[in-house]
Amino acid sequence: MTTSASVPTGSEAAISGGSVTDRLVDANERYAAAFTDPGMDARPVLRVAIVACMDARLDLHAALGLQLGDCHTIRNAGGVVTDDVIRSLTISQRALGTRSIALIHHTGCGLESLTEDFRHELEMEVGQRPAWAVEAFRDVEQDVRQSMQRVRTSPFLLHTDDVRGFVFDVKTGLLREIDPA
């Protein structure tokens with residue numbers, strides 16, 4: 001299977017010797033030429049924030065039937081609820097009106113094959129220990145439960161009654177809801 005990111009086609013192939021970023025800038029110029037301001041503000045229409053893994057296999061808008069402007073999307077390695085995710089969710093709720101939170105992890109996540117040794121190896125390589133935790137996990141369902149608990153117990157979030165967690169199956173495209181208990 002190939003993707004547009006791995007195999008240049010059409011006008012992308014015309015950028016000889018260019019970087020991937022050059023391809024992205026070129027694509028943006030074509031996009032902007034046909035762009036029309038949709039006239040929306042930053043408040044998501046569905047009043048939902050989604051926290052998900054950054055994995056390139058997750059096309060959240062397509063998988064969830066979302067359109068531009070429907071949601072806030074917060075992504076990081078593993079879809080882990082870190083302090084920065086709480087920061088973004090707090091702004092999403094308190095300044096921009098979201099009420100619901102969906103947490104989406106997925107099968108075959110790269111964090112399942114890492115350990116906190118990754119930080120130690122980085123420290124040995126670069127001479128400085130990262131201030132952040134890897135947040136590796138072995139059990140994706142348990143990590144979703146932990147993420148739901150972090151959201152529900154945050155003192156900064158106003159709306160924690162509609163927090164749901166899911167595992168997205170990268171082979172079937174289906175979501176499986178995780179019981180928080």
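**Close-up views of a predicted model**

**View 1. The N-terminal end of helix H5 is capped by Asp139.** In this predicted model, a side-chain oxygen of Asp139 lies 3.0 Å from the backbone nitrogen of Glu141. Helix H5 comprises the 13 residues 140-152. At 1.5 Å a residue, these residues should span 18 Å, and the C-alpha atoms at the two ends are indeed 18 Å apart, so the expected and modelled values agree.

**View 2. Helix H5 has a set of buried residues.** The buried residues of H5 are Val140, Asp143, Val144, Ser147, Met148 and Val151. They cover an arc of only 145 degrees around the axis, and therefore lie on the same side of H5. A general property of helices is relevant here: an α-helix has 3.6 residues a turn, so residues three or four places apart point the same way. The partners against which the buried residues of H5 pack are helix H3 (83-94) and three strands, namely S3 (100-106), S4 (163-168) and S5 (175-178).

**View 3. Arg119 of helix H4 is a buried residue.** Helix H4 consists of residues 117-126, and Arg119 lies within this helix. Arg119 has a relative accessible area of 17% and is classed as buried because this value is under the cut-off of 20%. Leaving aside residues up to four places away in sequence, Arg119 touches Arg129, Pro130, Ala131, Trp132, Ala133 and Val134. One of these residues, Trp132, offers its backbone oxygen, which the side chain of Arg119 reaches at 2.7 Å. Arg119 and Arg129 are 10 residues apart along the chain, and their C-alpha atoms are separated by 6.6 Å.

**View 4. Cys71 and Cys109 are buried cysteines.** The relative accessibility of Cys71 is 12%, and it therefore counts as buried; Cys109, at 6%, also counts as buried. For both residues, the closest cysteine sulfur belongs to Cys53. The sulfur of Cys109 is 4.1 Å from that of Cys53, which is too far for a bond, because a disulfide requires sulfur atoms within 2.5 Å. The sulfur of Cys71 is 16 Å from that of Cys53, also too far for a bond. The count for the model is 0 disulfides.

**View 5. Tyr31 and Phe35 form an aromatic pair.** The structure holds 1 aromatic pair. The rings of Tyr31 and Phe35 are 5.4 Å apart, centre to centre, with 45 degrees between their planes, and the pair is classed as tilted. Phe35 has a relative accessibility of 44% and therefore counts as partly exposed.

Terms used
Residues are numbered from 1 along each chain as its sequence is written. This is a predicted model: local features need pLDDT of at least 70, side-chain atom pairs count only at pLDDT 80 or more; totals for chains, interfaces and linings use all residues. Side-chain values use heavy atoms; hydrogens and water are left out. Helices (H or I, at least four residues) and strands (E, at least two) are DSSP runs, numbered from the N terminus. The expected span of a helix is 1.5 Å times one less than its number of residues. Buried means under 20% relative accessible area, exposed over 50%, partly exposed in between (1.4 Å probe, protein chains only). The arc is that of the directions from the helix axis to the C-beta atoms. Contact means heavy atoms within 4.5 Å. A polar contact is a pair of N or O atoms within 3.5 Å; within protein, one must be able to donate a hydrogen and the other to accept it, and residues adjacent in sequence count only if both atoms are side-chain atoms. Rings of Phe, Tyr and Trp (its six-membered ring) pair if their centres lie within 6.5 Å; planes under 30 degrees apart count as stacked, over 60 as edge-to-face and the rest as tilted.
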